[in-house]
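Q: Could you walk me through one part of this protein in detail, the open parallel sheet? A bit of context on the whole chain and the aromatic side of things would help too.

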Amino acid sequence: MVEKKKRSVGKNKTEPSTPLSVKKSVEEKKTAIRALKNGTGFPIVGLGASAGGLEALETFFTHTPSDSGIAFVIIQHLSPKHKSIMSSLLSKYTEMAVLDLEDGMKIQPNQVYLNPPDKNVVIINGVFQLMTPVKTSGINLPIDFFFRSMAEDLGEKAICIILSGTATDGTLGLRAVKGEGGIAMVQDPDSARYDGMPRSAMATGIVDFILPVEKLPEQLIKFVKAPYISTPSQTRVKDNQFTNYIQKIFALIRTATGHDLSHYKQTTILRRIERRMAVHQIDRVSGYVDFLQKTSTEVDILFKDMLIGVTNFFRDPEAFKILKDRVIPDLLKRRLTHSTIRIWIIGCSTGEEAYSLAIFFTEAIEKLKQNMEIQIFASDIDENAIDYARSGIYPDSIAADILPEILNKYFIKEDNSYRVKKHIREMIIFAVQNVIKDPPFSKIDMVSCRNLLIYMDSELQKKVLPLFHYTLNSEGVLFLGTSESIGEFTDLFHPIDNKLKIFKRKDFYIERPVDYPITPFYQESARSGSEEKQPSSEIEIQNAAERIILESYAPPGVLVNEKYEIVQFMGKTDKYLETPVGKASFNIQQMAREGLRFKLTTALHNALRQKKTTVIENLRVKYNDSFRTVNLTVRPLLEINRPQNYILILFDDKTPLDKGLKKKGKKTAKSDTDPVITSLEKELASTREHLQTTIEEMETANEELKSTNEEMQSVNEELQSSNEELETSKEELQSSNEELVTVNTELQNKVDELSTVNNDINNLLASTDIGTVFLDTNLAIKRFTPAMTNIFNLINSDIGRPISDITSKIRNENLNRDGAEVLRTLTPKEMEMQADNGNWFSMRISPYRTIENVIDGIVITFIEITKIKENRRLAAVVKDSNDAITVQDLEGNITAWNKGAEKMFGYSEAEALSMNIRDIVPDDKRKEALAFVQKMQEDKEVDSFYTRRITKDGRILDVWLTVTKLVDDQGKIEAIATTERDVTKLKKSQEMLLQ
């Protein structure tokens, strides 16, 4: 039976080819309500990271697509006094927006959110709320805090991932996410820089994926695309024989584990099956059935997935407060001193509730100053959970759920964990038990069965609730979960607190359900199906009388099965049986006291094999350092028709009462003067004196030992107090260390980034051949580029010296004065100056401004302009020449036009730049012009020649044309420059001379 605070399974009533979620249940309604409230139609991933987490996060987002439709929330351990630079560092590894969380911010897909320092993050209805951590003796656990909030708000859409980090933060939050149907992923500890958090999460045994961080995104994307996440409210199964396949899954689980889950509510179990199908990327139930048949381990994983316990210490504080203030004190006051209080916790999961009740009962006994024995039976069907509970060791994150005074009083701090103290642990017997089919505990004062009934159908509830009534003593307490009720069984229990579901047993004797194996010790069933039969008042009186007779006059005994395991106690048997040391067991051979075991074994063998009753008289059984005389009866129950054999064992105590007083007036037979008697009396008197002396010496020694013991206890308390202070200091140092590691990692990344930028700047300055020197406010050298050594005689050791101390190769004696003026006016200054070798430089002096806009010196740059100066002279010559100098591209478009061309042809520069050269070439000369252009494109030499041009006013000019090729860096012609001289008059003179 699913006996934890867990999701369970139920009977399938769905028709073939029907959606899994057509039959709306409580869980489906909860899911739908959550979807409406949070308004998110997308999955949300919480990533918990601490020391070493930055490196893991960078790798994770490097492999995560930016359009996955997922919202990522990163929760880290941050120093409250340090401003995080995580957003700037992480934004280099993802195209998604990386945002610092703000109060009231609505979550959106394809974005990354970062928690702020010294704030806990809560998500409510898809909106972030920031809360100041409550300062307690325990450390703050922001990852657990957010994961729990995410589980409550998002349910099955919640996905948590735990990355590198120390300690155990995130483990309890992961349990909460899994309990609501979410997914848990953990970075492989071998790939984590710090493996504390990943290993703590793995120890829960409920993690879905354990992968290297670079493989987590791929698996995450596969999972969120599965129907379980993409359409959680309407997941459809494509198989026609759906019901049959679900029944086959139940059959496989029953075969592997022995537990029948077919009578539990169905919705949650179907969602668990869907989730396992999504994990393995299987979209048909038929395929998953085949996978289960071939993979035996998957059956165990599926079964354990249904047993995930959502529990913690003192869960539902309001209910536990009522227990502490009212219920437990009333229960103890009704019991006699030295009596035993018996509590049965059903579905104890990993034991938190059992230890919580043990602590509260211990506190109540101390407050009432009563001497009582508390015996708690905690049962569950999950063997792993029971083993975990037996260890009594929990992660240090439980400090968030337990008051500091309780934590210090009942727990011992160890490395990253707390251990329950021995006296609390010894109060509890943990046992693997199925409440449906295994025999119950009896004579119980309190039954706690919380958040289990809600997963049972009405048929199971009608069997279990009468069982609780039977097992409870008169006025015993029933403690249920806040979502549960006693239903129609108001005749069996009446409420102590109806809201918190705490009930008290009514003294009405009903019969045991017929399904249980020990029918003779129950009356006939009071209920069958939906019918109810109220016993008459005569039967009530008869039952009450029979019970009183049995309890008062019948010998105590037990009922055992054929494995010699006790299935029923009748009366007080502690004088003959004792609880074994070590693993919990109800084997009567192990529980039999000294003097009883040997004869009992023989009698059991005779009863089981030979079907005969054995009576053994006058057995001497050791009890409390004395021996009791007991008659033992071992009788097989042949009257019942059952496949299993049962044996009744009765203990008839025949120990005689003390007869300390002799009959009054009886005289001794011997005479007072008998010498033997006199001698014996003297010897007895001497012995008495010696014994008295010894007793006095022992009392003195005992007082000294008591005094020493008190001193030792005082020293021990001081040492314990010191140890607790050291543990607290250790926790604080560990927390500070995690924060410092995170800060150090961020700073190291920033240093690496600055180093890269610095290298880039150095290479940039070195490659520009621009001489640059940085001076402080006193005009002392802070830094200079290699090109500066060609202007000033600088070496590396000159850093820190005034610039005026350095000799230069330029002719400027006013550099200091110009620099001081720029510092004063903050106005840049620029001038040209010549070096000793004749080269020209452009010097610019500018203020040096920091990011905070603070003036911290000046920057002087020197750019060589020698060629520019020469080009300027040439340009002046060209510009003022009387010859027409033009530049044209290979298409003939004019790109340059000097003043000589304006005078010669009559076109202004603006007009010419929009013209083509053919516009000034006569028609009879165009072929000639094309020919010389073709020659130049073929890289042939073109000599100067006579030709003609047309002016703006239509005149024909004779010109002497000189052509120059303009080529690029590869020597390829890109333009043509022409120089044209007007030789019209010369031509006319020559013609006249020829004539």
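A: Sure, starting with the whole thing: the protein has 28 helices and 36 strands, taken as DSSP runs (H or I over at least four residues for helices, E over at least two for strands) and numbered from the N terminus. Keep in mind that this is a predicted model, where local features need pLDDT of at least 70 and side-chain atom pairs count only at pLDDT 80 or more, while totals for chains, interfaces and linings use all residues. Residues are numbered from 1 along each chain as its sequence is written, and side-chain values use heavy atoms, with hydrogens and water left out. Of the 995 residues, 46% are buried, meaning under 20% relative accessible area, with exposed being over 50% and partly exposed in between (1.4 Å probe, protein chains only).

Now the sheet. Its 7 strands run in the order β3-β4-β2-β1-β7-β8-β9, with parallel pairing; two strands pair if DSSP finds at least two bridges between them. Strands β3 (97-100) and β9 (209-211) are the edges, and each has a single partner strand, so one side of each has no neighbour in the sheet. On average, neighbouring strands are turned by 20° against each other, direction ignored; the axes are lines fitted to C-alpha atoms, for helices over the stretch in contact, and angles run from 0 to 180 degrees between N-to-C directions.

Zoom in on β7 (residues 158-162) and β8 (residues 183-187): these parallel strands are joined by 4 bridges. One residue to look for is isoleucine 159, whose bridge partner in β8 is isoleucine 183. Then there's helix α7 (residues 216-224), which lies across β1 (44-49), β2 (71-76), β7, β8 and β9 and runs at about 170° to β8. Contact here means heavy atoms within 4.5 Å.

As for the aromatics, Phe313, Tyr355, Tyr388, Tyr394, Phe411 and Phe430 make up one cluster. Rings of Phe, Tyr and Trp (its six-membered ring) pair if their centres lie within 6.5 Å; planes under 30 degrees apart are stacked, over 60 edge-to-face and the rest tilted. Within that cluster, tyrosine 388 has arginine 175 over its face, 5.6 Å from the ring centre. A charge sits over a ring if NZ of Lys or CZ of Arg is within 6 Å of the ring centre and within 35 degrees of the ring normal. Lysine 782 does likewise with tyrosine 848, at 4.3 Å from the ring centre, and tyrosine 848 is itself partly exposed at 29% relative accessible area.
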